[in-house]
Amino acid sequence: MSHETRTAPRICPLCEATCGLTLTIEGATVTGARGDRDDIFSRGFICPKGASFGGLDADPDRLRVPLVRGDDGELREAAWSEAFDLIAARIPELTKAHGPNAVGVVLGNPNVHTMAGSLYPPLLLGALRTRNVFTASTLDQMPKHVSSGLLFGDAHAIPVPDLDRTDHLLLIGANPLESNGSLCTAPDFPGRLKALRRRGGTLTVIDPRRTRTARIADRHVAIRPGADALLLAALAHTLIAEKLADPGPLAGHLEGVDQLAAALVDFTPDAVAAACDVDADTITAIARELAAAPTAAVYGRIGSCTVEHGTLASWLVDVLNILTGNLDRPGGALFPLSATARAPRPAAPGKGFALGRWASRVSGHPEAKGELPIAALAEEIDTPGEDRIRALLVIAANPVLSAPDGDRLDAALSDGLDFMVSVDPYLNETSRHADVVLPPPPPSQSAHFDFAFNGFAVHNQVRYTRAAVPLDDDRMDESEIHARLVLAVSGTHGAPPSAVDDLAITTALTRAGAPKELAAGLTGDNGPERRLDLMLRLGPYGLTLERLLAHPHGIDLGPLKPRVPEVLRTRSGRIELLPEPIAADLPRLRRALGDRPAPLVLVGRRHLRSNNSWMHNVGSLTGGTNVCTLQIHPEDAARLGLLDGATARIESSGGRIEAPAEITDTVRSGVVSLPHGWGHSRPGTRMTVAAAHPGANVNQLLDGTLLDPLSGTAVLNAIPVSVTPAL
């Protein structure tokens, strides 16, 4: 094999920023990665994750061929045909005997970072017809989907801050200098915030920790964890009470303005100050600054979502943008328009958004966006009864680490299932329980298009990169793995994988009312490319795959533009400011005004060189600040007799864990912080680097019973804990 050195463009799939990379390749090995200066969106920006692309790609612990559990109970390497034959024999058999809900599906965060993970799971769910669907969304972003669905009628209509044109940015529960953004696709988020400051803009950060983002802010408000919705409600109340609210052109598209004012009447700055631990004058000043700014945007993320009132907080973020006249306005918060979105339609009433169309079997949790809370997965497996989950398909997910009460789920996966399939490149804490493991190839051997993240981008653009390295002979393309999985579970095992793509194309043409003849003119080397070509042609810009391939660094589609009312899908055809489910949940928020805060609560934190649980096996990303420590304020450490570097024992409702103490004043008193995604100490995995630096699984502190009731999202922040020195 030739070892000629060459370069190839590649969109980074390792976080939501979607930066363009230039890979250096020797033979079939990625030996380097740098930022692509010609990329029309990222302009050469790169973070440590992107720079580690080669190490992740060549990780020797990545599986190459399927694993199948033998009669001795051990996993062994197997041919691809054997793996799919086994799936085709077991899954249809179980659904025939016990019904479609006997099969559960878990979709993890990495699915939205791959073409295959975006294109095929909807087809898989359609084939299975199960209501037992669980995703990572109920561990992070579901509150935003629910609030958007209720406000705008579309759970995917999520406005993003117009970072490059705003004069005032308020961040709550967000740390984009570490996370690179979330539901806000923005390469070089740090540079964009610095540009805001250079042009005279204002940055306000509300966070119980003095994060990297908070350090560059004009104002940092160290709120008491979990009080986000109360503070946001007080800001909205102030705008209304002081007659500062001015929705501007949106006024004609609003419904429920008077009802909103009445619903927020109790949430005065004085009323919420004690619960938030933020003085009333500061709250009033923030509201007035928002109203006075020429343009402004409020943006809330994980810290404000994964709390008891996460959906209310997400709703209030948009309420503030509406009341200040900054929703759907340049410099405010706008709705992106991706190249593969459905072409805009004339404004008209829609079907609206419904919650609770069905409920989970054991605890009766209502569905949201077709999903059940992942915190309920274990009980749906280990509780006897009709419709118990007997088989599980886990695609790019590791819920044993990422969901609450991993010990119970670990036991349920081990003893409670008849059959389990994992699509995963690693034998990790979850996939080690599978009867079949199907490993996708490394990212250099896969094409890439960001179907999800282009819909949350701060600038409209489109980019596509083909595989930088040819597929190894013993590997299977990720799209083919997904297509064959659809065939195996649907009773059409043995049909060519292209049949799945052909059906998807036919269905898309029918839904769009487009002529069937269009299918014959589609280009592309394979089914996924033909599907992409169709979506581009049917999209709002009338692009084609051929044109996209002619622009390897992307096509600039222009800045975000106002799009209301075309984005609205509510039954009224208007923005419904006070939807009934929100109004029904507000009394719970009022009761929180009188809650007595716990002496010590726990919050999570993000690491720039990590992404949940799935990048801890890359040696170049370990160490430094990317460590699993319990951050604690010096006053709390002294009170508890805890020394820096000593082992701390943390206890809560779900159990206890131990972690090294890191004494720091970057976390406010009364708060401790542990990062998410650690705990790589369970036996039977094959992740050498992660096992050498296992860390503690913060989710083992949770028993899974505490959820945001509207979205089913697990409460991962503001958890009461006790901390003592380990004996």
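In the predicted model, four strands form an open sheet in the order β11-β10-β9-β13, and their pairing is parallel. The edges are occupied by β11 (219-221) and β13 (297-300); each has a single partner strand, so one side of each is left without a neighbour in the sheet. From one strand to the next, the twist averages 15 degrees. Strand β9 (residues 168-172) runs parallel to β13 and is joined to β13 by four bridges. Within this pairing, Ile172 has Gly300 of β13 as its bridge partner.

Helices also pack against this parallel sheet. Helix α8 (residues 189-198) touches β9, β10 (202-206) and β13, and the direction of α8 makes about 125 degrees with that of β10. Helix α15 lies across β9 and β13, and runs at about 175 degrees to β13.

Helix α15 (residues 310-323) additionally packs with helix α6 (residues 142-152), at an angle of about 55 degrees and with the two axes 8 Å apart. Angles that are neither under 35 degrees, over 145, nor from 65 to 115 count as oblique, and α6 and α15 are therefore oblique to each other. Their crossing is right-handed. On the α6 side, the contact is made by Pro143, Lys144, Val146, Ser147, Ser148, Leu151 and Phe152, which meet Gly310, Thr311, Ser314, Trp315, Val317 and Asp318 in α15. Sorted by class, the residues in the contact of α6 with α15 comprise six nonpolar, five polar and two charged.

A further open sheet consists of seven strands arranged as β5-β4-β17-β16-β15-β6-β7, with mixed pairing. Its edge strands, β5 (75-77) and β7 (133-135), each pair on one side only. On average, and with direction ignored, neighbouring strands of this seven-stranded sheet are turned by 15 degrees against each other. At the β5 edge, strand β4 (residues 67-69) and β5 run antiparallel and are joined by three bridges. Here, the bridge partner of Val68 is Arg76 in β5. Helix α5 (residues 121-128) packs on the sheet and touches β6 (103-107), β7 and β15 (391-395). The direction of α5 makes about 170 degrees with that of β6.

Antiparallel pairing is also found around strand β23. Strand β23 (residues 647-652) pairs with strand β24 (residues 655-663) in the antiparallel sense over six bridges, and the two strands form a hairpin with two residues between them. In this hairpin, Glu651 of β23 stands opposite Arg656 in β24. Strand β23 is also joined to strand β29 (residues 722-725) by four bridges, and this pair likewise runs antiparallel. Ile650 stands opposite Val723 in β29.

Aromatic pairing was examined as well. The structure holds four aromatic pairs. One of these is formed by Trp80 and Phe84, whose ring centres lie 6.4 Å apart with 20 degrees between the planes, a stacked arrangement. Both residues belong to helix α3 (residues 80-98), where Trp80 and Phe84 are four residues apart, about one turn of the helix.

Terms used. Residues numbered from 1 in each chain as written. Predicted model: local features only at pLDDT ≥ 70, side-chain atom pairs only at ≥ 80, totals over all residues. Heavy atoms only, no water. Axes fitted to C-alpha atoms, helices over the stretch in contact; angles between N-to-C directions. Left-handed = near helix turned anticlockwise from the far one by under 90°. Contact = heavy atoms within 4.5 Å. Nonpolar A, V, L, I, M, F, W, Y, C, P; charged D, E, K, R; others polar. Pairing = 2+ DSSP bridges. Phe/Tyr/Trp six-rings, centres within 6.5 Å; stacked < 30°, edge-to-face > 60°.
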